[in-house]
Amino acid sequence: MLNKRKRNLLKPFLSKGAKIMFKKILRPQPFAAGSPEYLIVGLGNPGPKYETTRHNVGFLCIDVLSNNTGKKINRLKFNSLTGDVTIAGHRCIAMKPQTMMNNSGIAVAQAVKFYKINPENVIVIFDDASITFGSLRIKRRGSDGGHNGIKSIVQHLNNDNFPRIKIGVGSKPHPEYNLADWVLSTFKKDELKTIKIACENAYKAAELIVGGKIEDAMNQYN
């Protein structure tokens with residue numbers, strides 16, 4: 001259980017506290033008409049005990065997206081919390097699958113089928129313990145790289161041709177440390193500022209990708 005001081009420190013990253021992450025809240029962007037063109041998925045596990053774990057950095061990025069677009073991501077649909085947002089002039093569905101990480105593909109596949117979204121327009125944001133803490137790695141496509149959330153999405157879409165934004169959450173303290181235990185550990189106090197910046201950069205990268213500028217996103221953030 002988090003003590004009150006740490007809880008207050010982490011509050012800007014929690015779903016209910018996303019709007020106070022910044023002193024100024026951006027006004028909602030003009031609504032884009034037509035069917036949703038993109039699906040922006042932040043991966044994580046549902047429930048209060050997972051809110052600020054390393055494995056939930058994808059959820060934290062969706063909270064930043066919610067803040068920056070002025071739209072709530074709170075409608076329960078497709079086994080997810082979802083929201084209809086406009087990014088770079090395109091209508092997008094932002095989502096946090098509520099299926100637990102290992103079954104994320106169930107939720108993603110439901111949304112893709114319902115809106116008839118091409119896999120190439122599914123942007124997935126998730127954690128990576130193998131890259132530098134707070135850094136981003138953007139890829140057009142690829143294997144699951146041992147990440148169970150991505151593995152589930154590839155299986156349910158039967159396709160790995162979707163862009164992904166990986167965020168470095170720090171490597172294990174020592175080689176023998178269990179990886180599952182590590183990614184389910186909470187961020188430390190001195191890590192929060194870096195993670196906040198990383199989530200902002202992930203949002204900006206997603207904005208470039210939606211705008212058809214994935215090369216620019218890779219050049220700027222990789």
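## Exercises on a predicted model

His147 is found in the loop between β6 (136–139) and α4 (148–157), where helices (H or I, at least four residues) and strands (E, at least two) are DSSP runs numbered from the N terminus. The model is predicted, so local features need pLDDT of at least 70 and side-chain atom pairs count only at pLDDT 80 or more, while totals for chains, interfaces and linings use all residues. Residues are numbered from 1 along each chain as its sequence is written, and side-chain values use heavy atoms, with hydrogens and water left out.

**Exercise 1.** Decide whether His147 is buried or exposed, and find which residues it touches.

*Solution.* Begin with the cut-offs: buried means under 20% relative accessible area, exposed over 50%, and partly exposed in between, using a 1.4 Å probe and protein chains only. His147 has a relative accessible area of 9%, and therefore it is buried. Next, take contact to mean heavy atoms within 4.5 Å; leaving aside residues up to four places away in sequence, His147 touches Leu43, His55, Met101, Phe126 and Asp127.

**Exercise 2.** Describe how the residues of strand β1 point, and name the strands with which β1 pairs.

*Solution.* Start with the general pattern, which is that in a regular strand the side chains alternate between the two faces of the sheet. In β1, Tyr38, Ile40 and Gly42 point one way, whereas Leu39 and Val41 point the other way, and all are buried. Then turn to the pairing, which requires that DSSP finds at least two bridges between two strands. β1 runs parallel to β4 (residues 90–97), to which 4 bridges join it, and the partner of Leu39 there is Ile93. β1 also pairs with β5 in the parallel sense over 4 bridges, and the partner of Ile40 in that strand is Ile123.

**Exercise 3.** Check what end-to-end length helix α6 should span.

*Solution.* The expected span is 1.5 Å times one less than the number of residues. Helix α6 (residues 192–210) has 19 residues, so the expected span is 27 Å, and the end C-alpha atoms are indeed 27 Å apart, which agrees. After the helix comes Gly212, whose phi is positive, near 80°.

**Exercise 4.** Work out whether Asn118 is buried, exposed or partly exposed.

*Solution.* First locate the residue: Asn118 lies in the loop between α3 (104–115) and β5 (122–128). Because its relative accessible area is 48%, Asn118 is partly exposed. Finally, although Asn118 and Glu37 are 81 residues apart along the chain, their C-alpha atoms are separated by 8.2 Å.
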